[in-house]
Amino acid sequence: MFTETGKVVYLGAVRSGISSRTGNEWKMQDVVIETQDRFPRRIIGTIRNKEHVETVNLSLGEIITLHLEPDAHEYGGNWFTDMTILDITQNGYSRFVKGIIPTTPTQL
């Protein structure tokens with residue numbers, strides 16, 4: 001896992017469906033941030049948890065920290081990397097947890 005902090009520049013449409021394997025509903029949403037380095041980079045991550053998609057409440061222009069888990073897969077002889085968003089924090093507080101709960105050990 002690694003983290004990147006930046007300004008939200010894109011919020012993708014919420015995608016949803018029903019799992020053919022479990023029959024449960026799923027939702028996902030892409031989030032793109034732009035780092036505030038000397039040479040800014042754009043990083044895309046995907047929220048893959050239905051409850052997190054429904055409660056995250058992000059706005060364009062917000063400064064947030066993405067906690068990302070990369071995973072590579074092969075398709076048609078080419079390799080791709082997916083970046084799953086495990087958590088989004090702002091000022092040290094999780095956006096995925098209801099209420100304000102510190103996420104760093106020094107704040108507990």
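Start with the whole chain shown as a surface: its accessible area is about 7,200 Å², and 51% of that belongs to carbon and sulfur atoms. Accessible areas come from the Shrake-Rupley method with a 1.4 Å probe, and for residues only the protein chains shown count as cover. This is a predicted model, in which local features need pLDDT of at least 70 and side-chain atom pairs count only at pLDDT 80 or more, while totals for chains, interfaces and linings use all residues. Residues are numbered from 1 along each chain as its sequence is written, and side-chain values use heavy atoms, with hydrogens and water left out.

Next, colour by burial. The chain has 108 residues, and 32% of them count as buried (under 20% relative accessible area; exposed is over 50%, partly exposed in between; 1.4 Å probe, protein chains only).

Switch to cartoon. One helix and seven strands appear, in the order β-β-β-β-α-β-β-β along the sequence. Helices (H or I, at least four residues) and strands (E, at least two) are DSSP runs, numbered from the N terminus.

Turn on contacts (heavy atoms within 4.5 Å). Of those with a separation of 6 or more, 46% join residues 24 or more positions apart.

Now select Asn-57, in the loop that runs between helix H1 (50–55) and strand S5 (63–75). Its phi is positive, about 50°, although Asn-57 is not a glycine. The residue is exposed, at 64% relative accessible area.

Last, select Asn-91, in the loop between strand S6 (78–90) and strand S7 (93–94). Asn-91, also a residue other than glycine, has a positive phi near 55°. Its relative accessibility is 70%, so Asn-91 counts as exposed.
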